[in-house]
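Student: Please take a close look with me at one part of this model, and go through it in detail.

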Amino acid sequence: MVEMKKNCKTLIAPSILSADFARLGEDVKDVCDRGIDYLHIDVMDGAFVPNISFGPAVMKSLNGIATVPYDVHLMVEEPIRYIKEFVTDNTEFITVHQEACKDLEATLDAIHELGVKTGVSIKPGTNPEVLNNLLHKIDLILVMSVEPGFGGQKFMDNSLPKISYYRDKREELGLHYLIEVDGGISSANADLVTEAGVDVIVAGSAVFKAPDRSAEIKGIKGIA
Ligand code: DX5
Ligand code: ZN
């Protein structure tokens, strides 16, 4: 199982937070045409994080333009109140923060009941063990490598042992969740998270601001 993963290319999920919002549809079409795997949708509520991004209407405006599934990252207090709004035919994962949920298990059950895969994210200060009793209900673990709230921050390497922890735990328990990392990653440092065992890399500014987006995407995925 782990050997097979090693031979697979890392997946990439560009974050539309760093797209040009005045031409969001064109930017999304452009990256979808360049061999990406998911679109990462960063939703910020101004309470869980000190920034406000956009809500479900903006995400839904991309249905019919996006040709890859949505990986929705809810940086929202008590996201159980809003998950239904983010369910579309394009939505593959809805990821909530462990730190933002009073009842994480109920939130995960609600996501599954809506026919969507579950994701749980942990902030840089959160220990990976906090998810241990719910790993069997999680389809994707999102390890934050910056404090959530803003694009363009510096990568924090305390994410690396957490990625390896979840990789080892998955093998030990025979589980199948994906491991994703988010924040400060570009083609210059993607090898660090790949070697630690990550499956999906989120990259916002590195992809959308790149002079050659195709080259940057290939560099992050580790395709020579
Ligand atoms: C931060 C967001 C990230 C961010 C990544 O709160 O969750 O997805 O947009 O941006 P970069 O890749 O620029 O660090
Ligand atoms: Zn994100």
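Tutor: Happily! Two strands count as paired if DSSP finds at least two bridges between them, and strands here are DSSP runs (E, at least two residues) numbered from the N terminus. This is a predicted model, in which local features need pLDDT of at least 70 and side-chain atom pairs count only at pLDDT 80 or more, while totals for chains, interfaces and linings use all residues. Residues are numbered from 1 along each chain as written, chains are lettered from A and ligands numbered from 1 in the order written, and side-chain values use heavy atoms, without hydrogens or water.

Let's start at His-73, which stands opposite Thr-95 in β4. Strands β3 (residues 70–75) and β4 (residues 91–97) run parallel and are joined by four bridges. They belong to an open, parallel sheet of eight strands, ordered β1-β8-β7-β6-β5-β4-β3-β2. At its edges, β1 (11–14) and β2 (39–44) each have a single partner strand, so one side of each lacks a neighbour in the sheet.

His-73 also binds the zinc ion (ligand 2) through ND1, alongside His-40 (NE2), Asp-42 (OD) and Asp-182 (OD), at 2.1 to 2.3 Å; donors are N, O and S atoms within 2.8 Å of the metal, and sites may look incomplete because water is not among the atoms. In sequence these donor residues follow the spacing H-x1-D-x30-H-x108-D. Six donor atoms subtend angles of 67 to 169 degrees at the zinc ion, which makes the arrangement octahedral (opposite donors over 155 degrees apart, all others between 65 and 115). Two of the donor residues, His-40 at 0% relative accessibility and Asp-42 at 5%, count as buried (under 20%, 1.4 Å probe, protein chains only).

How values were computed: Donors = N, O, S within 2.8 Å, 3.2 Å for Na, K, Ca; no water. Tetrahedral: all angles 85-135°; square planar, octahedral: opposite > 155°, others 65-115°. Buried < 20%, exposed > 50% of the residue type's maximum accessible area, 1.4 Å probe, protein only.
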